[in-house]
Amino acid sequence: MSDATIPAQAEGGAVIPKPRAAHGTQDAADAAGGGTVATATLVPEVPVAAGTPGASVDPGVPPTESRLTGFGRGLARWVAALAGAIAIFTVLLLVKGANPASVYADVWTSTFTNQPSIEQIFVKAAPLLLGALAVVVPARAGLVNVGGEGQIVMGAVAAGGIGISLGDRLGGGLVMILMIVASMAAGAAWAGLAAVLRLTVGINEAVSTLLMNYIALDLLLYLIYSPWKDPHGTGQPTTAELADTAKLPYLGTTAVHVGFVFALIATAVVWVLLRYTTWGFRLRVIGGNPEAARRAGLPVALLLLSAMAVGGALAGLGGMVHYAGVEYKLRTGITTNFGYIAFLASWLARHNPVSVVVAALALAAITVAGDSLQIDSGLPAASVNILMGLVLIAVLGWTTRRKSEGKAR
Amino acid sequence: MSSLAVDVLAGAVGGGTAIMYAGLGETISERAGVINLGTEGSMLGGALAAYAATATSGSPWVGVLAGMGAGAALAAVHAVLVVARKANQFASGLTVMFFALGLTSLFGAAYVGRQIHALDPWKVPGLGSIPWVGPILFDHDPLTYLSFAVGPLVWWLLYKSRVGLLIRTAGEHSEVLLVHGYSTNLVRYVSVIAGGGLCGLGGAQLSIAYSNAWFENMTVGRGFIAVALVIFATWNPLRVMAGSYLFGAALALSPALQARGYGINQFALDAIPFVVTILVLAVLGRRTLLAAPDELRRVFETRAA
């Protein structure tokens, strides 16, 4: 396969040799930006940046004297961005005729002041975190995985298949392990297919993963509407319920299932893999400059494929924990856009595997708040997508210093 | 059997129109070097705005304008993020999609199930009575007829007009614009926003002409299909027209078969448009990528931080 990919990569690299070189240095700075040493790395660039026209456009690019003021400024940008998002959401609520003060008060009370809701945040954060890691790992190699939704669905389908066929025949622990393996394999295969399409026939992975989301969803619907339909079920078609022994156990006396722990473990593993292993280093090299990576003799095709597959496996696991930890049945709308929200969580965290935990919890909280919104204020639950969108718009547009003056034309 | 073919093809034209408008809009945007995954959002916004404006004003043509305006406004958010703030184009587009999904859920709840005075199909006298051709091409809503003209118009705009030259230059070699004293950013703003307007028109066709209804997330992926369609049409508006009918046919197949009592699982058929897109992209392979505007290819191939 690597033979087949070389022309493609050469073709891409040969087109724009000059920007690539500039891009490499930018990316090195950017990659460092994920860690705490960001300002130290960026300092030498500052005189250059100040002299370019772009710097005058953005008043927020002063010379950085110390890490502390840099951090303070970053924090101020975040606070301002979030405040702006909430302000616009408030205006929209007013336009809708709702009383923002009472909406916020109700949502706050029913989301953050009672234990079941707080537990719900952790329950929802588990698949979100895993789905976000599925974006983080390929992003390290410069790939855009928009297919978290489909990979989560495939993971849930694989786990469901095991659960339905073997759930009450084997021991609970064994079924759980089989479900984990099957879901990760299914997610990896689904994402890997997108990587193969990119490497062999040159379909951009952002487009193929997006399309494959819908195929996965149709597969799920197909299964629950006919072959896997619970014959004893009433109303909306679902699969039969997972055997009790195969359900993921709860943490202590809470309603939070062990899937959240899986997600945290996965985060730690991803962090170590990306930071301390050769594999992680090589992915970063490819993400920075694929041409240089290939000339250095790295197996680019294999690395890209593995990055996507690992990401897909994590998303697949996300589907499994949601199925075996919460839903117990495959049903329509089992994922409720988890994959897309996870994609945004990864961008919110700038693809940093540690910040992603915070981002996933924050977006999970917004999702739970959406349910409160529906119950307390009678507004559609999907309305919180406005808030999510506004937060992301603010974060994407207004929380980074614009360092890409070289590219800005 | 022949009536099945006519049904599917007529459905292809009527149902493909929304995708065509969105695809044409996306073509303009991508020709200027900006990929917009927010097409889905612009379509949703356009669909609701058109429906609400029609319900309020009583005139579907006011609705059409409102739909275009809403689509353009949502695309403007993407344009600001991508052009002025240099945000990642994929992330920004999806963000706009979510924003639009939320907005239309919040403001659309009041319009679910509401009756409107919609754009009814109008059979062209004479032409509409031709066997086969009549029902397929000449028994549709006005926005479908309009699309017959808009496709070639976009082609003319891009390839034969001065504005089109500027748009394509922004997508191929933006530094040339700079040398000649034009603002690349301005060209991209205009292209993305105009493209969003066409997406909104597509949404309007969907809600006030094709299905005569509004419900949450009613576009179900048509905007994303449009994005893929533009790629496999190699950024050519006329091929976008042809491709959108292909998708329309795939979407029309399942209801047409079910209406005839074939016991086919609907969801297997629903997957067809997406499978077909991937297959076509795979068959066309690298040729599509070579046809891409240069600056767009950069978006695809390098990591935009």
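How far should the 19 residues of helix 2 (residues 39–57) of chain B span at 1.5 Å a residue, and how far apart are its end C-alpha atoms? The expected span (1.5 Å times one less than the number of residues) comes to 27 Å, and the end C-alpha atoms are 26 Å apart, which agrees.

A quick note on the ground rules: this is a predicted model, where local features need pLDDT of at least 70, side-chain atom pairs count only at pLDDT 80 or more, and totals for chains, interfaces and linings use all residues. Residues are numbered from 1 along each chain as its sequence is written, while chains are lettered from A and ligands numbered from 1 in the order in which they are written.

Back to helix 2 of chain B (helices being DSSP runs of H or I, at least four residues, numbered from the N terminus). Of its 19 residues, 16 are buried, so the rest of the structure largely encloses it; buried means 20 or more other C-beta atoms within 10 Å of a residue's own, with C-beta atoms placed from the backbone. Just after this helix, B:Gly58 has a positive phi of about 85 degrees.

Now for the chain A–chain B interface. In total, 53 residues of chain A are in contact with 51 of chain B (C-beta atoms, placed from the backbone, within 7 Å). Helix 11 of chain A gives the most to chain A's side, with 11 residues. Among the helices of chain A that each supply at least two residues are these:

| Helix of chain A | Residues |
|---|---|
| Helix 1 | 2–15 |
| Helix 6 | 67–96 |
| Helix 11 | 205–225 |

Technical notes:
Two residues are in contact if their C-beta atoms, placed from the backbone, lie within 7 Å. A residue is buried if 20 or more other C-beta atoms lie within 10 Å of its own, exposed if 12 or fewer, and partly exposed in between; C-beta atoms are placed from the backbone.
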